[in-house]
Amino acid sequence: MAHWLVKSEPTDYSIEDLARDRLQLWDGVRNYQARNYLQAMAKGDRVFFYHSNAKPPGLVGLASVAQTQIVDPTQFDPQSKYYDPKATPERPRWYTVELAFERQFPLIPLDSLKAQFSPEELLLVRRGNRLSVMPIEEAIAPRLLALAGC
DNA sequence: GCCAACGTTGGC
DNA sequence: GCCAACGTTGGC
(Lines give C-alpha, C1' and ligand atoms only; values in the text may rest on other atoms or scores of the structure.)
Protein backbone atom coordinates (compact mmCIF):
# COMPACT_ATOMS: atom_id res chain seq x y z
CA MET A 1 0.00 0.00 0.00
CA ALA A 2 1.43 3.32 -1.11
CA HIS A 3 1.13 6.72 0.51
CA TRP A 4 0.34 9.99 -1.21
CA LEU A 5 -0.38 13.60 -0.44
CA VAL A 6 -2.98 15.87 -1.98
CA LYS A 7 -3.28 19.62 -1.54
CA SER A 8 -6.50 21.52 -1.36
CA GLU A 9 -7.34 25.07 -0.48
CA PRO A 10 -9.74 24.78 2.46
CA THR A 11 -11.85 27.63 1.08
CA ASP A 12 -12.29 25.44 -1.99
CA TYR A 13 -12.57 21.97 -0.43
CA SER A 14 -11.51 21.24 3.13
CA ILE A 15 -11.01 18.15 5.26
CA GLU A 16 -14.26 19.12 6.99
CA ASP A 17 -15.98 18.94 3.62
CA LEU A 18 -14.54 15.48 3.05
CA ALA A 19 -15.60 14.40 6.55
CA ARG A 20 -19.13 15.47 5.67
CA ASP A 21 -19.19 13.99 2.16
CA ARG A 22 -17.29 10.78 3.07
CA LEU A 23 -16.50 10.27 -0.64
CA GLN A 24 -15.23 12.83 -3.12
CA LEU A 25 -14.19 12.64 -6.75
CA TRP A 26 -10.82 14.39 -6.94
CA ASP A 27 -11.53 16.21 -10.17
CA GLY A 28 -10.01 19.30 -11.73
CA VAL A 29 -6.34 18.32 -11.57
CA ARG A 30 -4.75 19.77 -14.72
CA ASN A 31 -1.09 19.06 -14.36
CA TYR A 32 0.43 16.09 -16.14
CA GLN A 33 2.77 15.05 -13.37
CA ALA A 34 -0.04 15.20 -10.82
CA ARG A 35 -2.25 13.23 -13.19
CA ASN A 36 0.40 10.56 -13.56
CA TYR A 37 0.51 10.16 -9.81
CA LEU A 38 -3.28 9.96 -9.68
CA GLN A 39 -3.12 7.20 -12.28
CA ALA A 40 -0.55 5.32 -10.22
CA MET A 41 -2.82 5.18 -7.18
CA ALA A 42 -4.27 1.85 -6.11
CA LYS A 43 -7.44 1.17 -4.18
CA GLY A 44 -6.74 1.36 -0.45
CA ASP A 45 -3.69 3.61 -0.72
CA ARG A 46 -3.46 6.20 2.03
CA VAL A 47 -3.63 9.89 1.15
CA PHE A 48 -2.50 12.68 3.44
CA PHE A 49 -4.71 15.74 3.13
CA TYR A 50 -2.96 19.11 3.06
CA HIS A 51 -4.51 22.55 3.37
CA SER A 52 -2.73 25.01 1.10
CA ASN A 53 -3.24 28.78 1.16
CA ALA A 54 -4.40 28.34 4.74
CA LYS A 55 -3.24 30.10 7.87
CA PRO A 56 -1.18 28.20 8.65
CA PRO A 57 -0.87 25.68 5.83
CA GLY A 58 -0.36 22.07 6.89
CA LEU A 59 -1.53 18.47 7.06
CA VAL A 60 -4.99 18.06 8.50
CA GLY A 61 -6.18 14.54 7.86
CA LEU A 62 -6.07 11.21 6.16
CA ALA A 63 -8.07 9.83 3.28
CA SER A 64 -7.91 6.63 1.28
CA VAL A 65 -8.29 5.77 -2.37
CA ALA A 66 -11.79 4.41 -2.90
CA GLN A 67 -11.86 4.14 -6.70
CA THR A 68 -9.15 4.41 -9.33
CA GLN A 69 -8.78 5.26 -13.03
CA ILE A 70 -11.82 7.50 -13.20
CA VAL A 71 -12.15 9.69 -16.28
CA ASP A 72 -12.48 13.23 -14.94
CA PRO A 73 -15.92 14.30 -16.24
CA THR A 74 -15.19 18.03 -15.92
CA GLN A 75 -12.84 17.92 -18.93
CA PHE A 76 -15.86 17.49 -21.24
CA ASP A 77 -18.03 20.15 -19.63
CA PRO A 78 -17.82 23.53 -21.40
CA GLN A 79 -19.38 25.14 -18.32
CA SER A 80 -16.64 23.85 -16.05
CA LYS A 81 -13.53 25.85 -15.33
CA TYR A 82 -11.67 22.58 -15.83
CA TYR A 83 -13.00 22.15 -19.37
CA ASP A 84 -10.38 20.93 -21.79
CA PRO A 85 -11.37 21.42 -25.43
CA LYS A 86 -8.65 19.01 -26.53
CA ALA A 87 -10.10 16.12 -24.56
CA THR A 88 -12.71 13.83 -26.09
CA PRO A 89 -14.63 10.93 -24.54
CA GLU A 90 -12.79 8.68 -27.01
CA ARG A 91 -9.44 10.08 -25.94
CA PRO A 92 -9.71 11.50 -22.44
CA ARG A 93 -6.72 13.40 -21.11
CA TRP A 94 -7.50 13.59 -17.43
CA TYR A 95 -7.97 10.75 -15.02
CA THR A 96 -8.49 10.86 -11.31
CA VAL A 97 -9.56 8.88 -8.25
CA GLU A 98 -12.32 8.98 -5.69
CA LEU A 99 -11.16 9.69 -2.16
CA ALA A 100 -12.75 8.37 1.02
CA PHE A 101 -12.52 10.19 4.33
CA GLU A 102 -10.53 8.33 6.97
CA ARG A 103 -9.85 10.79 9.75
CA GLN A 104 -9.05 14.32 10.65
CA PHE A 105 -6.18 15.09 13.00
CA PRO A 106 -4.79 18.19 14.69
CA LEU A 107 -3.02 20.42 12.18
CA ILE A 108 0.62 19.62 11.51
CA PRO A 109 1.82 23.01 10.28
CA LEU A 110 4.12 23.31 7.29
CA ASP A 111 6.67 24.90 9.64
CA SER A 112 6.90 21.68 11.67
CA LEU A 113 7.19 19.59 8.55
CA LYS A 114 10.03 21.79 7.30
CA ALA A 115 11.76 21.45 10.67
CA GLN A 116 11.51 17.67 10.73
CA PHE A 117 11.92 16.58 7.14
CA SER A 118 14.53 17.37 4.56
CA PRO A 119 13.49 18.35 1.03
CA GLU A 120 14.87 14.99 -0.12
CA GLU A 121 12.60 13.13 2.29
CA LEU A 122 9.46 15.10 1.67
CA LEU A 123 8.63 16.64 -1.72
CA LEU A 124 6.20 18.97 -0.02
CA VAL A 125 8.95 20.99 1.64
CA ARG A 126 11.02 21.27 -1.50
CA ARG A 127 11.46 24.87 -2.55
CA GLY A 128 9.19 25.98 -5.33
CA ASN A 129 7.20 22.78 -5.29
CA ARG A 130 3.73 23.36 -6.70
CA LEU A 131 2.54 19.82 -7.33
CA SER A 132 -0.93 19.23 -5.92
CA VAL A 133 -0.58 15.44 -5.89
CA MET A 134 2.65 13.78 -4.82
CA PRO A 135 4.02 10.51 -3.52
CA ILE A 136 5.17 10.04 0.07
CA GLU A 137 8.26 7.90 0.65
CA GLU A 138 7.38 4.68 2.45
CA ALA A 139 10.02 5.39 5.08
CA ILE A 140 8.46 8.78 5.75
CA ALA A 141 4.82 7.71 6.04
CA PRO A 142 5.13 6.19 9.55
CA ARG A 143 6.83 9.32 10.80
CA LEU A 144 4.00 11.46 9.45
CA LEU A 145 1.41 9.13 10.95
CA ALA A 146 3.18 9.31 14.31
CA LEU A 147 3.12 13.11 14.15
CA ALA A 148 -0.58 12.91 13.40
CA GLY A 149 -1.13 10.74 16.45
CA CYS A 150 -2.33 7.86 14.31
C1' DG B 1 -0.71 42.04 -2.08
C1' DC B 2 3.86 40.53 -3.44
C1' DC B 3 6.66 37.68 -5.81
C1' DA B 4 9.51 33.37 -6.71
C1' DA B 5 9.00 29.21 -8.98
C1' DC B 6 7.59 26.80 -12.60
C1' DG B 7 4.30 24.82 -16.20
C1' DT B 8 2.21 25.93 -20.61
C1' DT B 9 1.57 28.29 -24.88
C1' DG B 10 2.67 29.87 -29.23
C1' DG B 11 5.60 32.42 -32.54
C1' DC B 12 9.49 31.65 -35.05
C1' DG C 1 13.05 22.64 -30.96
C1' DC C 2 13.89 27.07 -28.70
C1' DC C 3 12.49 30.41 -25.69
C1' DA C 4 9.90 34.65 -24.34
C1' DA C 5 5.57 35.72 -22.59
C1' DC C 6 2.11 34.59 -19.77
C1' DG C 7 -0.71 32.33 -16.17
C1' DT C 8 -0.96 29.84 -11.85
C1' DT C 9 0.46 28.23 -7.38
C1' DG C 10 1.15 29.08 -2.86
C1' DG C 11 4.10 30.78 1.00
C1' DC C 12 4.90 34.86 3.22
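Let's start at DNA strand B, which is surrounded by Asn31, Tyr32, Arg127, Gly128 and Arg130. Please keep in mind that this is a predicted model. By class, this surface splits into one nonpolar, two polar and two charged residues.

What part of the strand faces the protein? Of the DNA strand B atoms within 4 Å of the protein, 69% are sugar or phosphate, and bases supply the rest. There is a base contact to show you here: a polar atom in the side chain of arginine 130 sits 2.9 Å from a base oxygen of DNA strand B.

Now hold on to Arg130 for a moment, since it also appears in the list for the other strand. Around DNA strand C we find Lys7, Tyr50, Ser52, Asn53, Pro57, Leu110, Lys114, Arg130 and Leu131. For this strand, sugar and phosphate make up 68% of the atoms that come within 4 Å of the protein. The residues on this side comprise four nonpolar, two polar and three charged.

Which side chains reach the phosphates of DNA strand C? Let me take you through three of them. Lysine 7 places a polar side-chain atom 2.9 Å from a phosphate oxygen of the strand. Tyrosine 50 has a side-chain N or O atom 2.6 Å from a phosphate oxygen. And for lysine 114, the distance from a polar side-chain atom to a phosphate oxygen is 2.6 Å. If you have the model open, those are good places to zoom in.

Let's step back to the protein itself. How many helices and strands does chain A have? There are four helices and six strands, and reading from the N terminus, their order is β-α-β-α-β-β-β-α-β-α. With a radius of gyration of 15 Å, close to the 15 Å that the globule rule gives for 150 residues, chain A is therefore as compact as a globular protein of that length. For overall dimensions, the C-alpha trace spans about 45 × 30 × 30 Å along its principal axes.

What about the contacts inside the chain? Taking those in chain A with a separation of 6 or more, 71% join residues 24 or more positions apart. As for burial, 44% of the 150 residues in chain A count as buried. On the outside, the accessible surface of chain A is about 8000 Å², and carbon and sulfur atoms account for 48% of that area.

To come back to where we began, the residue I'd leave on screen is Arg130, listed around DNA strand B and around DNA strand C. Thanks, everyone!

Key
Residues numbered from 1 in each chain as written. Chains lettered and ligands numbered in written order. Predicted model: local features only at pLDDT ≥ 70, side-chain atom pairs only at ≥ 80, totals over all residues. Heavy atoms only, no water. Near = heavy atom within 4 Å. Polar contact = N/O pair within 3.5 Å; in protein donor to acceptor, adjacent residues only side chain to side chain. Nonpolar A, V, L, I, M, F, W, Y, C, P; charged D, E, K, R; others polar. Helix = DSSP H or I, 4+ residues; strand = E, 2+ residues; numbered from the N terminus. Rg over C-alpha atoms; globule rule 2.2 N^0.38 Å. Buried < 20%, exposed > 50% of the residue type's maximum accessible area, 1.4 Å probe, protein only. Contact = heavy atoms within 4.5 Å. Areas by Shrake-Rupley, 256 points an atom, 1.4 Å probe, with all protein chains shown as cover.
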